[in-house]
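The following exercises are to be worked with the sequence and the three-dimensional structure in view. Each task is followed by a solution in steps.

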Amino acid sequence: MSRKYESIEELRRKKKLLQSEISDLENLLTFKNTKESLSAFTNGLTDQYLQEKIDEDGDEKVVLRKDVIARQLTSEVKDLLISKNTAVGLASTAFKGNITDGLIKLGVTAIVGNYAKKNMKSSNWKKKLIGAALIYLAPIALKFVRKKLEVYQKNKSVSSMEQLI
């Protein structure tokens, strides 16, 4: 389990490297730079939606880039409408749930995001921890629930087809 080192200097260099790595991780976890910390937690997913601004007091704060969110939303809706060029195609798309799916996803994301943002601004460390957990764990939980619902729907449609046969 142990490793033999050639000299005490090599061991000291290794110790300094580990200490610097630990301090970098601590800086991420303490949210000294909020945008960078969220980027690390979400693997860069939030980078395009966040922007750092300096307020009147000279403090840096992270704000949502509403223009990017609106542009992405309009392009998604436009792509949905262009891909279906007839009224029947639009009706079938709406019936299948693609449009409502997108709206439901957007609503859930907004609710969870606002709640996490509110908790992150709190001075209570427990609420900050809940906010960070929401940011990190909510997408995983939602994917899990969605997969379970898809499996249930698939099984239900298969059983109804079996009853027809």
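**Exercise 1.** Determine how the side chains of R12 and E9 meet, and give the N to O distance.

*Solution.* Step 1: R12 and E9 meet through their side chains in a salt bridge, with 3.2 Å from N to O. A salt bridge here is a side-chain nitrogen of Lys or Arg within 4 Å of a carboxyl oxygen of Asp or Glu. Step 2: both residues belong to helix α1, where they are 3 residues apart, about one turn of the helix. Helices (H or I, at least four residues) and strands (E, at least two) are DSSP runs, numbered from the N terminus. Step 3: R12 has a relative accessible area of 47% and is therefore partly exposed; E9, at 42%, also counts as partly exposed. The classes are buried (under 20% relative accessible area), exposed (over 50%) and partly exposed (in between), with a 1.4 Å probe and protein chains only.

Two remarks on the basis of these values apply throughout. The model is predicted: local features need pLDDT of at least 70 and side-chain atom pairs count only at pLDDT 80 or more, whereas totals for chains, interfaces and linings use all residues. Residues are numbered from 1 along each chain as its sequence is written, and side-chain values use heavy atoms, leaving out hydrogens and water.

**Exercise 2.** State how many salt bridges the structure holds, and describe those of D67 and E150.

*Solution.* Step 1: the structure holds 3 salt bridges. Step 2: D67 pairs with R71, and their closest N and O atoms are 3.7 Å apart. Because D67 and R71 are 4 residues apart in helix α3, about one helical turn separates them. D67 is partly exposed, at 42% relative accessibility. Step 3: E150 pairs with R146, at 3.4 Å between the closest N and O atoms. Helix α6 contains both E150 and R146, 4 residues apart, about one turn of the helix. E150 is partly exposed at 43%, and R146 is partly exposed at 34%.

**Exercise 3.** Is S122 buried or exposed, and where is its place?

*Solution.* Step 1: S122 is in the loop between α5 (98-121) and α6 (125-164). Step 2: its relative accessible area is 18%, so S122 is buried. Step 3: apart from neighbours within four places in sequence, S122 is in contact (heavy atoms within 4.5 Å) with K127 and K128.

**Exercise 4.** Identify which residues form the nonpolar patch on the surface, and locate V77.

*Solution.* Step 1: patches are made of residues with over 30% relative accessible area and no salt bridge, like charges being joined within 9 Å and nonpolar side chains (Val, Leu, Ile, Met, Phe, Trp, Tyr) within 5 Å. Step 2: L73, V77 and L106 form the nonpolar patch, with about 230 Å² of accessible area together. Accessible areas come from the Shrake-Rupley method with a 1.4 Å probe; for residues, only the protein chains shown count as cover. Step 3: V77 is found in helix α3 (residues 66-83) and is partly exposed, with a relative accessible area of 42%.

**Exercise 5.** Describe the order of elements in the protein and its share of buried residues.

*Solution.* Step 1: the protein has 6 helices and 2 strands. Step 2: from the N terminus on, these elements run α-α-β-β-α-α-α-α. Step 3: of the 165 residues in the protein, 11% are buried. Step 4: the accessible surface of the protein is about 14100 Å², and carbon and sulfur atoms account for 60% of that surface.
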